[in-house]
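Colleague: I am new to this structure. Please take a close look at one part for me: the aromatic rings and what they pair with.

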Amino acid sequence: MQQLRKAPGQGGFTLLEMMVALVILGIVLAVGVPRMSAWVTASQAKAASQFYAEGFALARAQALTHNSASRLVLTDNAANGKLNWQVDICFPRPETACSNSSGAWSTTTAAAARDSEGTAGFKSVLRSADSIPGNGVLTLAVTPTAARSVYFTPVGWVDTNVATRVARIDMTPAAGRAADFPAARVVLTLAGIAIKCDPAAADGNPRRCPPL
């Protein structure tokens, strides 16, 4: 094979050197890209617990900040089968309770009725679960199964008057994915604190999940 020869003192690569470099690059890509893809997927799966913990924390913080009722509502994400969350607030009055059907709640485009800041008041925060891997990677389970919301009182505690309320969210590797990342759980205490924990942790482990 004829080589491109370098003149004395001239920089650059020969044809053989370039071919060797391309072969090495191909090997690196063949080995590294699948591993990088698996790492990214595992990282996204692990971040799911943080995603939901942040939703609970924001709902509680808004209740305390505004001295209002607040709620976190879970809705289906059509793209990946997971659950988006939205945080709303409401200012209850003796004559007007903040019920599910009440129109007094904030929305993503309008402040809540009776917000002291008027139309410039707090507008609901919606977060999409688009970045969470689909059901082929991660399985999501809410307890109780039918629950899709949780309400907070103005002092930041969970409103126990709402019977069917989200108490925990489990994130489990799908079939064949157990080696990629561990299962995780977010438990919401009655004090309104979201705790990220390991459902497989034994007694005495600081990562052990609290009872419901």
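Modeller: Start with two residues in this predicted model. Trp 105 and Tyr 151 are both buried. Their rings form an aromatic pair. The centres lie 5.5 Å apart, and the planes meet at 75 degrees. That angle is over 60 degrees, so the pair counts as edge-to-face. Now place the two residues along the chain. Trp 105 lies in the loop between S2 and strand S3 (125-127). Tyr 151 belongs to strand S5, residues 149-152. The two are 46 residues apart in sequence, so the pair ties together separate parts of the chain.

Trp 105 has another partner. The charged end of Arg 71 sits over the ring of Trp 105. The distance to the ring centre is 4.2 Å.

Next, turn to the other rings. The structure holds three aromatic pairs in total. One of them joins Phe 51 and Trp 85. Here the centres are 5.9 Å apart and the planes stand at 45 degrees, so this pair is tilted. This pair, too, links distant parts of the chain. Phe 51 is in helix H1, which spans residues 15-66. Trp 85 is in strand S2, residues 83-90. In sequence, 34 residues separate them. Both Phe 51 and Trp 85 are buried. Tyr 52 joins these two residues as well: Phe 51, Tyr 52 and Trp 85 make up one aromatic cluster.

Key: Residues are numbered from 1 along each chain as its sequence is written. This is a predicted model: local features need pLDDT of at least 70, side-chain atom pairs count only at pLDDT 80 or more; totals for chains, interfaces and linings use all residues. Side-chain values use heavy atoms; hydrogens and water are left out. Rings of Phe, Tyr and Trp (its six-membered ring) pair if their centres lie within 6.5 Å; planes under 30 degrees apart count as stacked, over 60 as edge-to-face and the rest as tilted. Helices (H or I, at least four residues) and strands (E, at least two) are DSSP runs, numbered from the N terminus. Buried means under 20% relative accessible area, exposed over 50%, partly exposed in between (1.4 Å probe, protein chains only). A charge sits over a ring if NZ of Lys or CZ of Arg is within 6 Å of the ring centre and within 35 degrees of the ring normal.
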